[in-house]
Amino acid sequence: MTEPAANSLPDFTGHGYLQVLQTLHEVLQPRNYLEIGTFTGESLALSACASLAVDPGFPFENIELVRRIVSKPRMLLFRMASDLFFEQHDPCALLGDKVQLAFLDGMHRCEFLLRDFINTERHCARNSVIALHDCLPVEEPMTDRSYLARPSIEPHRQHWWAGDVWRTARLLRRARPDLSFTTLDAPPTGLVLITNLDPGSTALADRYDEHVRTMLGWSLTEIGLAQHVSDMQVEPTTDYVTSEQLTTRFWL
Ligand SMILES: C[S@@+](CC[C@H](N)C(=O)[O-])C[C@H]1O[C@@H](n2cnc3c(N)ncnc32)[C@H](O)[C@@H]1O
């Protein structure tokens, strides 16, 4: 048997990120949902509450997903990049409430996700939940800062672009020890759930340039994929698909 390459991990098993998100919606019953990065609408279709989605393009093509997306009591779509959205709009004013559940899955570069987190947290309550996608890459080529920069190691992962948002998850753990993290090995590339938010915190924004320099200085080759998973204190998804486990950590 051949040894697995150091720059590739086996696929995560257990419940996929969409299933975990669906359970979060069902169990927490958020009054509203903010999504950055929607693409064909698979994650957006999971929410049943007032929802706001931001994406420079919404290439919806599946009519069943579209039916679910438009069946919510309120569905606001902003066709623009998230930076411009936060510059021009106030999600609390649009939703009539603090953001309760957010899923950040837009541009897969660490500084973009850091800005999306900073901008979203400002509009949350302490017990709101912000979910980050793709922070647990399973091989190195998928962490390039450009899509399809290199061929994947495992052929079935060719389109799994995680980018370098793994850096943002590490930065948040380091720069914001006040936040509460639950990091799940949801296939394909993990789901990080963050609560105990502080909408008044300026710890990230005040030192934004320094944080970006710090993140870009990290090398996943040096850290190691397995070490990153270990540093992120990853837990199995199987513990988080029951309402019992979820409600011990999250309540809205
Ligand atoms: C991985 S897809 C989202 C998938 C979707 N959340 C799901 O789970 O089905 C990433 C999306 O982010 C969008 N995107 C890229 N740059 C963005 C930006 N600056 N602001 C908001 N969305 C962005 C892309 O257009 C793409 O549709």
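**Helix 5.** I began with helix 5 (residues 110-121), where helices are DSSP runs of H or I of at least four residues, numbered from the N terminus; its 12 residues should span 16 Å at 1.5 Å a residue (1.5 Å times one less than the number of residues), and its end C-alpha atoms are 16 Å apart, which agrees. I noted that this is a predicted model, in which local features need pLDDT of at least 70, side-chain atom pairs count only at pLDDT 80 or more, and totals for chains, interfaces and linings use all residues. Residues are numbered from 1 along each chain as its sequence is written.

I then looked up burial, where a residue is buried if 20 or more other C-beta atoms, placed from the backbone, lie within 10 Å of its own, exposed if 12 or fewer, and partly exposed in between. In helix 5, 10 of the 12 residues are buried, so the helix is largely enclosed by the rest of the structure; among them are Cys110, Phe112, Leu113 and Phe117. The cover over these buried residues includes strand 1 (32-36), helix 3 (82-88), strand 5 (124-133) and helix 7 (208-216).

**Sheet.** I traced an open sheet of eight strands with mixed pairing, in the order 3-2-1-4-5-7-6-8, taking strands as DSSP runs of E of at least two residues and pairs as strands with at least two DSSP bridges between them. Strand 3 (75-78) and strand 8 (234-235) stand at the edges, each with a single partner strand, so one side of each has no neighbour in the sheet. Strand 5 and strand 7 (residues 191-195) pair in the antiparallel sense over four bridges, and Ala131 stands opposite Leu193 in strand 7.

**Ligand.** I found 16 residues around the ligand, the closest being Gly37, Phe39, Ser43, Gly106 and Met107, where a residue counts as near if its C-beta atom, placed from the backbone, lies within 6 Å.

**Loops.** I checked the backbone for unusual entries and found a cis peptide bond joining Pro187 and Pro188, with omega about 0 degrees; Pro188 sits in the loop between strand 6 and strand 7. Leu148, in the loop between strand 5 and helix 6, has a positive phi near 60 degrees though it is not a glycine, and it counts as exposed with 12 C-beta neighbours inside 10 Å. Gln233, in the loop between helix 9 (225-231) and strand 8, also is not a glycine and has a positive phi of about 50 degrees; with 10 C-beta neighbours inside 10 Å, Gln233 counts as exposed.

Key:
Two residues are in contact if their C-beta atoms, placed from the backbone, lie within 7 Å.
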